[in-house]
Amino acid sequence: MPQYKFRVNGGPVTVDSWDPDQPLLYILRNTLVLRGAKFGCGLGQCGACTVLVDGKAVRSCITPIKQVAGRAVTTLEVLGTPEKPDALQAAFIAEQAAQCGYCTNGMLMSASAVLAQTPHPTLDQVKQGLAGNLCRCGTHTRILSAVMRVAKV
Amino acid sequence: MDTITSLSRRGILKMAAGALIVPFAFGQAGGDASKPLDPSEVDSFLVIHADGSVTIYTSKVDVGTGLATAFRQTAAEELGIPIERFNLIEGDTALTPDHGGTGGSSGIPRGAADIRRAAATARQALLDLGARQLNRPASELTISGGDVIHASGQRATVASLIGGKRLGRKVNPNAPLKDPATYTVVGKPILRSDVPGKCTARHPWLQDFTLPGMLHGRVVRPPALGAKLLSVDEASIRSIPDVRVIRVESFLGVVAKDEWAVVRAAREIKATWSDWRGLPGSDGLDHYVRQAPVDRDQTITNRGDVNSALSSAAKQLSATYFWPYQSHASLGPSCAVADVKDSGTTIWSATQNPYGLRANLAKVFGMSHDKVRVVYMDGSGSYGTNGADDAAADALLLSRAAGQPVRVQWMRQDEHGWDPKGPAQLHELRGALDASGNISAWETQLWVPDGPQGNRALLGPESAAMAQTHGQGAGLMTLNLDPPYPVPNLRVVSHHLKDTPLRLSNLRAPGKIANVFAVESFADELAAAAGMDAVAFRLRGLTDPRAIEVLKRATGMLDWQTRLSPNPHAAEGDLLVGRGIAYARYKQAENYVAIGITVAVHKPTGKIAVRRIVCAHDCGLVVNPDGLRNQVEGNIVQTLSRTLHEEVTFDQAHVTSVNWASYPILTFPEAPAVQVALIDRPDQPSYGAGEASSAPVAAALANAIFDATGVRLRTVPFTAERVKAAFANA
């Protein structure tokens with residue numbers, strides 16, 4: 001069975017996949033038991049599965065494992081913990097920027113990619129940066145407030 | 001299938017530091033099996049442990065609404081025990097009392113009220129126990145900080161009085177309740193305990209739940225709603241390893257240890273289905289709904305003589321409004337894990353009604369209730385009955401056939417295509433004004449698919465040709481059809497259609513959003529015809545001070561200038577700007593809500609940009625102002641999405657809006673600023689707030705667009721194409 005070597009959250013991993021086109025999402029969730037990224041659409045339309053690959057926000061549901069070989073993947077698990085959240089997570093908690101929270105993984109990963117590239121984005125830049133992330137509960141205003149909290153620091 | 005070769009599982013788990021999930025199986029209650037479930041017993045709702053912590057048990061479920069936090073506040077307040085000591089177990093038919101499912105904004109008014117009464121009874125029991133231990137009359141004791149206290153300084157911890165033991169009391173509906181004026185926990189913006197876990201990948205999600213030996217399953221839905229499965233070519237998926245095909249009549253599923261294998265197998269398996277083209281198609285659905293066979297007419301209000309008042313009036317107006325079928329469109333497709341064993345069946349589900357699901361599954365699958373356990377876990381927001389219950393039946397069918405636990409998660413096209421839908425609604429309104437511009441006559445007629453009540457048919461069992469009921473209820477569809485203003489001659493009639501093209505269920509604020517859209521748009525049309533400012537016209541008819549207050553608060557926030565619509569100064573370059581207002585008392589008996597919207601319409605393209613939404617909201621006593629605000633904001637933004645974008649489309653065979661491209665929802669660049677004013681009334685009962693502020697959104701937007709453009713939109717969604725067409729016809 002083909003093997004794929006890459007880095008996840010700073011550590012090296014080697015995984016087998018019978019299908020080189022198996023999306024990264026399933027490898028993360030089922031093989032590596034990293035379930036922060038969620039299955040939302042499998043079409044790259046909603047952003048719930050977002051992870052960082054070499055620092056860029058990608059849709060893991062449409063990223064074949066063969067394209068991940070040799071790269072560095074970052075998932076929500078590594079940002080922070082409930083006891084020690086990172087600044088963005090702390091802002092989401094302070095703003096209570098979640099309802100069901102199924103989209104939250106994608107919001108945090110996409111927003112952290114936005115902030116890494118533009119540390120002090122405007123509200124419009126944040127809105128554009130999250131344009132590919134859908135929230136069904138209508139928590140938009142709180143998510144924007146949370147990201148702007150960090151943007152203003 | 002996929003193995004980790006260079007990193008130990010332990011290392012990965014440490015890396016994940018994931019949520020600890022204890023897999024309950026059937027018969028292992030995960031707690032004291034002797035705990036009562038009868039909702040008349042205090043011990044069914046509350047258990048005080050030996051360490052002084054307290055567990056609340058409830059059949060109501062949170063689903064991201066903040067309900068669990070509100071319950072903890074309610075119990076902590078009434079018991080005098082710090083909120084940090086409270087845990088909550090929700091929606092487990094082996095552990096929680098059945099005091100109803102979640103829905104219809106009943107979580108606070110009924111759910112919290114039940115918990116409050118149980119806690120108040122427990123409080124009396126603790127005071128009696130404290131009286132005995134401290135040798136003081138109970139009337140001289142209070143409970144604070146988790147201790148029973150006497151003014152002399154004597155105290156006893158609640159744990160020392162009852163910890164680990166049963167109270168053994170019936171819930172006393174007349175147990176004295178704390179005076180709301182003394183509240184210290186209820187009314188505070190306590191942070192939700194689930195949010196940190198949701199932000200750090202530690203929350204125990206249903207979608208992340210696994211069992212030892214669990215298989216993944218997917219169901220292959222037919223290409224047409226009523227198509228029958230004729231044959232399956234299992235060789236077509238031979239290249240995908242270790243997949244088992246399960247077929248029961250026309251129910252077709254695949255299971256495997258590897259999830260990606262079943263995703264591919266379900267996509268690639270070749271099957272032959274019978275031809276079926278039984279749907280009317282969604283093009284021209286308004287005409288279909290207007291002409292479809294009616295099962296029954298329901299006269300909701302009839303006073304005065306509407307016909308003669310209309311014909312003799314100074315001014316007469318009529319208008320038709322249409323609301324399409326809409327989907328719950330949950331962001332995470334529905335999921336369930338089922339473990340069918342000889343000893344019993346356990347289902348893990350994000351259902352809003354665990355006991356209801358258990359009863360339905362037991363009936364359809366021919367199992368006794370005591371052999372079925374439904375365990376709720378948080379899933380993606382559902383906003384009513386989405387596909388969760390159907391996914392549970394799918395998992396049960398597959399687990400039963402496979403003899404192993406099976407996890408089913410629907411694919412995107414399953415959720416959009418097959419969740420039961422919120423029904424289309426068509427409204428015809430007629431109204432008349434007298435010489436002074438008062439409403440002298442009003443008629444609302446509603447046409448709505450709303451068939452027999454009872455459980456809706458579950459998809460899997462339907463395909464598997466199992467006997468079941470075919471309920472077509474979608475919730476209380478006929479409330480808020482009456483105008484909230486005084487009308488001497490009024491007739492309100494609902495025509496309930498015999499059939500529905502698509503399966504129905506309750507979708508957030510069932511019926512009321514479309515009803516208020518029609519009624520409050522029409523009120524605006526009458527105000528314009530009367531030559532009056534839209535707010536002044538409404539205020540003239542309102543007498544309830546709570547109604548007047550929300551309307552005044554909302555218009556104050558919007559800096560409303562009294563004038564006629566359309567806006568005489570609408571033009572801002574290519575944009576036309578305006579403001580609109582709408583008011584409703586939800587279900588004609590609950591929350592008072594007024595919503596104001598400012599909008600800019602791009603004239604060349606017809607694109608609508610909502611700039612600002614304000615809301616004044618009175619739901620009586622506020623339990624958690626931040627949780628309430630979150631719900632109100634969510635109602636508003638979600639309903640804005642439904643109004644601007646959402647319409648389920650279908651051809652003669654199946655739903656064609658099956659993903660986020662064909663069923664778009666509101667995106668971040670469109671997100672408006674939302675400002676909410678909460679009016680807290682501690683002396684008034686709490687109404688639920690999970691729906692009410694949805695109701696006036698569409699009307700406020702239609703009224704704002706009219707103010708901006710002079711064009712009246714009466715069909716949802718308000719797409720740019722529809723706006724342009726309205727411009728062309730104006």
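Which residue in strand 20 of chain B is the bridge partner of B:Asp297? To find out, let us walk through the structure from the whole chains down to that pair. Keep in mind that this is a predicted model.

Start with chain A. Five helices and five strands make up its secondary structure, and reading along the sequence you meet them in the pattern β-β-α-β-β-β-α-α-α-α. The C-alpha trace of chain A spans about 45 × 25 × 25 Å along its principal axes. Chain A has a radius of gyration of 15 Å, which agrees with the value near 15 Å for a compact globule of 153 residues. Of the 153 residues in chain A, 61% are buried. Contacts tell you about folding back along the chain: among those in chain A with a separation of 6 or more, 58% are between residues 24 or more positions apart.

Chain A can also be divided into parts. The domain assignment gives domain 1, residues 3-78, and domain 2, residues 87-151. Their C-alpha centres lie 21 Å apart. Where they touch, 14 residues of domain 1 of chain A are in contact with 12 residues of domain 2 of chain A. On the domain 1 side, strand 3 (50-53) and strand 4 (56-59) of chain A are the elements that give two or more residues. Strand 3 of chain A gives the most, with three residues. By residue type, this side of domain 1 of chain A divides into eight nonpolar, four polar and two charged residues.

Now turn to chain B, with its 19 helices and 25 strands. Its radius of gyration is 28 Å, close to the 27 Å that the globule rule gives for 730 residues, so chain B is as compact as a globular protein of that length. Along the principal axes, the C-alpha trace of chain B spans about 80 × 75 × 50 Å. Buried residues account for 57% of the 730 residues in chain B. For contacts in chain B with a separation of 6 or more, 78% are between residues 24 or more positions apart.

How do the two chains meet? The contact takes 62 residues from chain A and 58 residues from chain B. On the chain B side, helix 1 (9-16), helix 6 (195-199), helix 7 (259-268) and helix 17 (625-644) each supply at least two residues. Helix 17 of chain B has the largest share, eight residues. This side of chain B divides into 28 nonpolar, 21 polar and nine charged residues.

Finally, look inside chain B for a sheet. Five strands of chain B form an open sheet in the order 12-20-19-18-13, with mixed pairing. Strand 12 (294-303) and strand 13 (315-323) of chain B stand at the edges with a single partner strand each, so one side of each is left without a neighbour in the sheet. On average, neighbouring strands of this sheet are turned by 10 degrees against each other, direction ignored. Helix 14 (residues 512-529) of chain B lies across strand 13, strand 18 (425-433) and strand 19 (439-449) of chain B, and runs at about 150 degrees to strand 13 of chain B.

At the edge formed by strand 12 of chain B, we can return to the opening question. Strand 12 and strand 20 (residues 489-497) of chain B run antiparallel and are joined by eight bridges. The bridge partner of B:Asp297 in strand 20 of chain B is B:His495.

How values were computed
Residues numbered from 1 in each chain as written. Chains lettered and ligands numbered in written order. Predicted model: local features only at pLDDT ≥ 70, side-chain atom pairs only at ≥ 80, totals over all residues. Helix = DSSP H or I, 4+ residues; strand = E, 2+ residues; numbered from the N terminus. Rg over C-alpha atoms; globule rule 2.2 N^0.38 Å. Buried ≥ 20, exposed ≤ 12 C-beta atoms within 10 Å, placed from the backbone. Contact = placed C-beta atoms within 7 Å. Domains from an automatic or database assignment. Nonpolar A, V, L, I, M, F, W, Y, C, P; charged D, E, K, R; others polar. Pairing = 2+ DSSP bridges. Axes fitted to C-alpha atoms, helices over the stretch in contact; angles between N-to-C directions.
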